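Open the model in your viewer and keep the selection tool ready. The stops below run from the surface inwards.

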Amino acid sequence: MGELSFTTASQTSTFARRVISLHGIRTTGAWQKELNDTLEEHHLLHSPFDYGYLKLAMFLNPRRRDREIDKFRDWVTNYISTEHQPPSVIAHSFGTYIVAKALLKYEELKLDRLILCGSILEKNYPWAKIVERGQVRGVLNESGSKDVWVKLVAWIVKDAGPSGVEGFSDKVDGIVADIHRDGFKHSDYFYSLHVQNVWIPFLKGTALTELEKAGNSKRPKNLKFQITQIALVILILSVAILGYYFAHYTPGTIRTKPTPAKKFVEFTGKEPCPFGGTHKMREHKMEECEVMDIDPSTRPPKFHRTEGQLFYSKENGKCPYHTKAFAGIREDGSRCIIEAPNNIALYHTLNTVYYLPFSEPGKMEEPKSGWDLYGDDYRDFPVKGQGSEDVCLNECALDKNCKAFSFSSTANRCWLKYRIPEVEVEASGIVSGKKQE
């Protein structure tokens, strides 16, 4: 088959590439939030697949594992069917299991590049079959010599294995590469230098053979010590499982309807702040409203941005910071989300969250139902609740880069387009509109 070439059509595309990240069990995926900033710096769109805090007992249930695989299939299908190139994926621990089993089960799933770390897949996972079906262009598997959890998983999950320690047996003529990290534990991969020097180059097309030189191919083994480790871990886990069955921690998910768009259009920065915000003036002399002031004596959250929102991780399963502005702070799995209204730019300093009004909205033509303006997307985001198509239309009107939009009531998602697409196809459940020239 020969060495994998990364000179593909997707490299020359003018569209930003999308990267999907998947976390493991018994975690809220804090590394995904840190990763978001780095990917944005390199013009890569980041979409974290966050299934919340998954207990060990749930992970041991085959039906629950299958449920998460199907959720991932449904979730990622939106990007595969609407964007100009398949997304890349970064997966850790149980996330590697979800994406690999989904590829094996659903032949229609297509990925660009796949990064695995702390992988719990079998060593003999059939990569040749996946590559032959055209489902992935390159796989980078990073393994660690001190990853105890990977060594243990094959003892408690039937179709799992130690590829996160020992690598894969099927390299498919250079399309699958193993980089072994001597001394790495299960979650030692998530630091900035590693992401910058290894993951970003791989996602942008660096040949696998060049990245493999950074790794250490030695895999020291001490079977006696490993057997002792596994025996002790199994004993500890047995006690832990019983404890988790009696635990009452259940991260809540609260879905909120979007606030009516006209309330946001009325905010120009010259009238009182909506939703109880406080007017502030800064050096740039632009009107702004303060919506949340955090006591600096407490430990403030580290905010991150994605799809027009600010979010931060829960603490002990709860959102400790609240605001009376907007609809409050919305909980979504392991994240606390501050909504960004349609014509409001939301940003933050160290201890304060502010918003500014955007410019006046552009004029839109009457939207058409049953038609999809196909392609030329530069941004998409979920919209739920009544008046969802109006939220999508107003978002386009308020965004200077938007020339047209399409909204799917089936997917509950809005796509903004940087130009008016030439292709217009009939499609049920789709509403599309154009901005007046």
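Which residues make a nonpolar surface patch of about 290 Å²? Select W155, I156 and I234. Patch members have over 30% relative accessible area and no salt bridge; like charges are joined within 9 Å, nonpolar side chains (Val, Leu, Ile, Met, Phe, Trp, Tyr) within 5 Å. Areas come from the Shrake-Rupley method with a 1.4 Å probe, and for residues only the protein chains shown count as cover.

Before moving on, note that this is a predicted model, where local features need pLDDT of at least 70, side-chain atom pairs count only at pLDDT 80 or more, and totals for chains, interfaces and linings use all residues. Residues are numbered from 1 along each chain as its sequence is written, and side-chain values use heavy atoms, with hydrogens and water left out.

Stay on I234. This residue sits in helix α10 (residues 223-245). Helices (H or I, at least four residues) and strands (E, at least two) are DSSP runs, numbered from the N terminus. I234 counts as partly exposed because its relative accessibility is 31%. The classes are buried under 20% relative accessible area, exposed over 50%, and partly exposed in between (1.4 Å probe, protein chains only).

**The sheet**

Now colour by secondary structure. The protein chain has 12 helices and 19 strands. Pick out the open sheet of 6 strands, ordered β2-β1-β3-β4-β5-β6 with parallel pairing. Strands pair if DSSP finds at least two bridges between them. The edges are β2 (44-49) and β6 (176-181), each pairing on one side only. On average, neighbouring strands here are turned by 15° against each other, direction ignored.

Zoom to β5 (residues 138-144). It runs parallel to β6, and 6 bridges join the two. Select L140: its bridge partner in β6 is A177.

Next, show helix α1 (residues 30-41). α1 packs on the sheet and touches β1 (17-22), β2 and β3 (88-92). Its direction makes about 165° with that of β2. Contact means heavy atoms within 4.5 Å. Axes are lines fitted to C-alpha atoms, for helices over the stretch in contact; angles run from 0 to 180 degrees between N-to-C directions. Then add helix α4 (residues 94-105), which touches β1, β3 and β4 (113-117). The direction of α4 makes about 135° with that of β3.

**Salt bridges**

How many salt bridges does the rule find? The count is 16, with a side-chain nitrogen of Lys or Arg within 4 Å of a carboxyl oxygen of Asp or Glu.

Select R65 and D159. Their closest N and O atoms are 3.9 Å apart. R65 lies in helix α3 (residues 62-82), D159 in the loop between α6 (148-153) and α7 (163-166), 94 residues apart. R65 is buried at 5%, whereas D159 is partly exposed at 26%. Add K101 and E122: with R65 and D159 they are linked in a network of salt bridges.

Stay on α3 for K71 and E68, whose closest N and O atoms are 3.8 Å apart. They are 3 residues apart in the helix, so about one helical turn separates them. Is E68 buried or exposed? E68 is buried, at 0% relative accessibility, while K71 is partly exposed at 41%.

Last pair: D112 and R113, with closest N and O atoms 2.5 Å apart. D112 is buried at 2%, and R113 is buried at 0%.

**Zoom out**

Show the whole chain. Of its 437 residues, 51% count as buried. The accessible surface is about 21200 Å², and 53% of that belongs to carbon and sulfur atoms.
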